[in-house]
Amino acid sequence: MTAHVGPHRPALLLVTDLAYEARGRRYCDEDIFLASRLREEFDVALCHPRDAAALLDRFEIALVRNSGPVLHYREAYDAFRARALELRVPVYNPLDGRGDMAGKEYLVELSREGFPVIPTVDRATDLGLLPEAREYAVKPKLGADSVGLRFVGGAEVAGEVEGEGALLVQPRIDFRYEVSFYFVDHEFQYALHAPDPERRWVLEPYAADAADLAFARRFVEWNSLAHGIQRVDACRTAEGELLLVELEDLNPYLSLDRVDEGVREAFVARLKRSLASLTG
């Protein structure tokens with residue numbers, strides 16, 4: 001008797017750190033949910049980012065999800081990238097992102113080019129390009145999840161960025177709220193905002209209008225990723241202008257628990273199609 005062989009199911013390695021603790025969010029819950037839904041189409045295994053390089057040759061695609069800040073495992077992440085390129089295993093998101101995946105240097109570039117971003121410099125000699133403020137945010141280019149973020153007064157800021165290259169400086173912006181726009185393969189999925197500036201991760205659905213989406217799409221198109229998940233984080237200033245805070249293109253948290261079931265199901269279906277398109 002010949003055993004029945006079903007249709008091919010691509011093997012997917014979901015890279016995540018289920019033990020990572022983030023303020024106001026439970027990363028592990030989101031990835032457990034995503035893994036359960038992706039198993040409907042893929043053979044799925046979860047692994048810590050420190051194990052990804054060693055396991056990659058057994059899989060047809062790697063999905064990097066809530067794996068925490070890369071600065072906590074830089075050497076392992078670099079090994080994973082090198083191994084993926086060697087094996088030609090597609091990584092989702094692709095490894096050529098121009099946003100947070102490559103560090104926060106892009107904020108300096110976008111600021112210099114006149115994009116609607118929080119004004120940003122990385123050299124003491126450029127501090128004069130920033131608007132005057134009572135306080136300035138100083139943060140490492142390779143930071144994430146507010147790791148290393150400090151606020152300093154105007155008199156002290158020059159001493160914080162002596163030398164060049166490692167830190168970013170921005171004026172501390174008074175804003176009405178923060179809002180995030182979520183995309184898969186350049187297609188808008190949903191938006192969420194935090195009405196209280198002091199509670200960044202207490203999010204509510206946000207009805208994005210045409211101007212909001214034009215703002216967000218400008219950065220998604222600038223990034224030029226062929227596919228993948230992007231989250232455009234912005235703040236609404238007291239004057240009503242949207243300014244980019246971050247372009248998350250490595251492992252953006254999705255806050256899927258903050259959207260209704262229909263939106264969540266549509267997102268999962270779109271992600272499945274995107275991943276399937278890379279596995280042949």
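These legends accompany four close-up views of a predicted model.

**View 1. A cis peptide bond joins Tyr 92 to Asn 93.** Start here if you like backbone torsions: omega for the bond from Tyr 92 to Asn 93 is near 5 degrees. Asn 93 belongs to the loop between β4 (91-92) and α4 (105-112). As background, most peptide bonds are trans.

**View 2. His 186 has a positive phi in a loop between two strands.** The phi angle of His 186 is near 70 degrees. On one side of its loop is β9 (175-184), and on the other is β10 (187-194). Is His 186 buried, exposed or partly exposed? His 186 counts as partly exposed, because its relative accessibility is 24%. For context, most residues other than glycine have a negative phi.

**View 3. Ser 224 also carries a positive phi.** Here phi is near 65 degrees, again in a residue other than glycine. Look for Ser 224 in the loop that runs between α6 (210-223) and β12 (229-237). With a relative accessible area of 46%, Ser 224 is partly exposed.

**View 4. Cys 47 and Cys 235 are buried cysteines in a structure with 0 disulfides.** Why does Cys 47 form no bond with the closest cysteine sulfur? That sulfur, in Cys 28, is 16 Å from the sulfur of Cys 47, so the two are too far apart for a bond; a disulfide needs the pair within 2.5 Å. Cys 47 counts as buried because its relative accessibility is 6%. Cys 235 is buried too, at 1% relative accessibility.

Note on methods
Residues are numbered from 1 along each chain as its sequence is written. This is a predicted model: local features need pLDDT of at least 70, side-chain atom pairs count only at pLDDT 80 or more; totals for chains, interfaces and linings use all residues. Side-chain values use heavy atoms; hydrogens and water are left out. Helices (H or I, at least four residues) and strands (E, at least two) are DSSP runs, numbered from the N terminus. Buried means under 20% relative accessible area, exposed over 50%, partly exposed in between (1.4 Å probe, protein chains only).
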